[in-house]
Amino acid sequence: FVPRGLLFAKFGSNLTVFFDLAFPICIDAHAPASSNAIAIDQRRLITPRKEAANAEQFADNFKNMDYVKVPTILWEYTTPQVLTMEYVPGIKINRIKALDQLGVDRKRLGRYAVESYLEQILSHGFFHADPHPGNIAVDDVNGGRLIVYDFGMMGSISPNIREGLLEVFYGVHEKDAEKVLQAMVQMGVLVPTGDMTAVRRTSQFFLNSFEERLAAQRRERSGNSRTWVQEATDQGGKDREKETASCRN
């Protein structure tokens with residue numbers, strides 16, 4: 001991994017020209033803003049050593065869970081400009097057909113994905129903030145595990161917010177509107193007023209109908225499952241075509 005910030009120092013001026021040419025219909029006030037936004041984003045990218053530290057912290061948080069794999073950092077080959085990690089190949093999580101051929105249980109993988117994010121957010125307050133298919137893969141170790149890459153974008157959650165989220169989950173499970181409202185107040189999401197009766201009644205209504213809505217969503221997903229699988233398979237094919245074209249170039 002070589003940080004793109006280094007490349008920007010060389011090609012930054014060309015990017016500015018590119019935006020001026022690509023968006024000629026923009027008024028002058030907008031074009032520089034677009035260019036500057038790209039420049040700022042590139043220059044704010046974290047260093048390889050910081051990303052390596054993020055990866056190790058993430059790995060430590062999941063050290064007792066065999067369904068998540070984080071490539072080991074090779075510190076002896078990592079510098080302020082280059083991040084070197086263990087090579088851990090896998091299948092992109094959106095390549096449905098390939099996952100089926102691998103023989104892994106996709107439902108279990110889905111559960112692992114959800115559990116891993118609950119663990120990240122509620123237990124550690126430190127989470128992967130860029131979980132697209134290019135950063136999450138699957139192999140057949142332990143019957144199927146998640147491989148997580150790219151720790152350049154991470155998020156953190158303060159303890160009071162984590163506690164509030166936990167209370168929200170408990171409140172939803174128990175259909176306790178008062179508990180949900182108090183948790184939202186604790187997190188600063190809801191500002192208490194003199195009379196919370198209307199808010200409490202509305203919350204209770206949604207909590208009471210929550211299971212019914214979930215059941216309806218399950219039925220809808222079940223009816224559209226074949227379409228979703230086909231779309232994911234098609235997307236996987238497009239990804240492979242792009243990779244092949246990139247290798248040829």
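This passage describes the overall make-up of a predicted protein model and then its four-stranded sheet.

The protein has 249 residues, of which 29% are buried. Its secondary structure comprises nine helices and six strands. Contacts between residues at least 6 apart in sequence were examined; 63% of them join residues at least 24 apart. The accessible surface comes to about 16,200 Å². Carbon and sulfur atoms contribute 56% of that surface.

Four strands form an open sheet with mixed pairing. Their order is β1-β5-β4-β2. The edges are β1 (68-69) and β2 (91-92), each of which pairs on one side only. Strands of a sheet pair through backbone hydrogen bonds, in either a parallel or an antiparallel sense.

Both senses occur around β5. Strand β4 (residues 136-139) pairs with β5 (residues 145-148) in the antiparallel sense, over four bridges. Isoleucine 136 has valine 148 as its bridge partner in β5. Aspartate 139 stands opposite arginine 145. The two strands form a hairpin, with five residues between them. In the turn, asparagine 142 has a positive phi of about 60°. Strand β1, by contrast, pairs with β5 in the parallel sense, over two bridges. Here the bridge partner of valine 68 is leucine 146 in β5.

The side chains of β5 point two ways. Arg145 and Ile147 point one way, and Leu146 and Val148 the other. All are buried. Helix α5 (residues 106-124) lies across β1, β4 and β5. The helix runs at about 50° to β5.

Methods:
Residues numbered from 1 in each chain as written. Predicted model: local features only at pLDDT ≥ 70, side-chain atom pairs only at ≥ 80, totals over all residues. Heavy atoms only, no water. Buried < 20%, exposed > 50% of the residue type's maximum accessible area, 1.4 Å probe, protein only. Contact = heavy atoms within 4.5 Å. Areas by Shrake-Rupley, 256 points an atom, 1.4 Å probe, with all protein chains shown as cover. Pairing = 2+ DSSP bridges. Axes fitted to C-alpha atoms, helices over the stretch in contact; angles between N-to-C directions.
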